[in-house]
Amino acid sequence: MDTSVTIIGIALAIITLLPLYFSLRSNSLNKAKIKAIKEKHSLNGAFDFDLTESQNKRILTIDKKNKGFLVMNFNKGKEEASFIDLNHVKSCRLVPTTEVDDTIVKVDFEFQDKISGQKIVIPFYNIEDDQIRQVCLHEDQQLGKKWVQIIQDCISS
């Protein structure tokens with residue numbers, strides 16, 4: 001009787017601890033990837049990204065002091081990172097792209113260069129990355145609007 005109880009206890013412990021182990025391992029790998037991308041785009045320590053927020057496998061980070069903005073996207077196994085130096089930017093806005101039936105298929109950050117007036121587009125939301133078609137759209141739009149305000153405050157200071 002004692003042996004079977006012990007075996008069942010060990011099996012339950014393994015069943016409980018194994019998912020926890022894989023979750024923690026995955027979390028540490030993601031943190032390492034994010035740190036490596038931040039270091040790559042810090043331009044030899046010129047930027048220190050102090051404000052970071054993540055949602056739906058997208059990470060937004062900004063250096064308010066030195067005015068640098070970085071967007072990372074880890075959807076569907078692709079790792080994309082886009083960096084922009086806000087010292088060279090006049091304005092920022094969120095631009096949705098729709099299909100014929102008014103379905104939003106993508107949302108981009110659009111920056112306007114100070115000197116040339118050229119538009120610089122950084123992708124933020126794409127319906128292809130949304131597994132259940134526009135489930136994350138509302139959350140991502142709200143996050144995008146919040147970050148446009150953060151970026152505008154950083155540009156104007």
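**Exercise 1. Find the volume of the largest pocket, and which residues line it.**

Solution. Start with the model: it's predicted, so local features need pLDDT of at least 70 and side-chain atom pairs pLDDT 80 or more, while totals for chains, interfaces and linings use all residues. Residues are numbered from 1 along each chain as its sequence is written, and side-chain values use heavy atoms, with hydrogens and water left out.

Step 1: a pocket is an open set of points on a 1 Å grid over the protein atoms alone, where a 1.4 Å probe fits, with protein on both sides within 12 Å along at least five of seven lines. Its volume is the space filled by probe spheres set on the points, which are joined across faces, edges and corners. Here that comes to about 200 Å³.

Step 2: lining residues have an atom within 4 Å of a point. There are 15, and N30, I34, K57, I59 and F74 lie nearest the centre.

Step 3: α1 (2-41), β1 (51-55) and β2 (58-63) each give two or more residues to this lining, and α1 gives the most, with 5.

**Exercise 2. Describe the order of helices and strands, and how spread out the chain is.**

Solution. Step 1: count DSSP runs, taking helices as H or I with at least four residues and strands as E with at least two. You get 2 helices and 7 strands, in the pattern α-β-β-β-β-β-β-β-α.

Step 2: the radius of gyration, taken over C-alpha atoms, is compared with the globule rule, 2.2 Å times the number of residues to the power 0.38. The chain has 21 Å, well over the 15 Å given for 157 residues, so it's more spread out than a compact globule.
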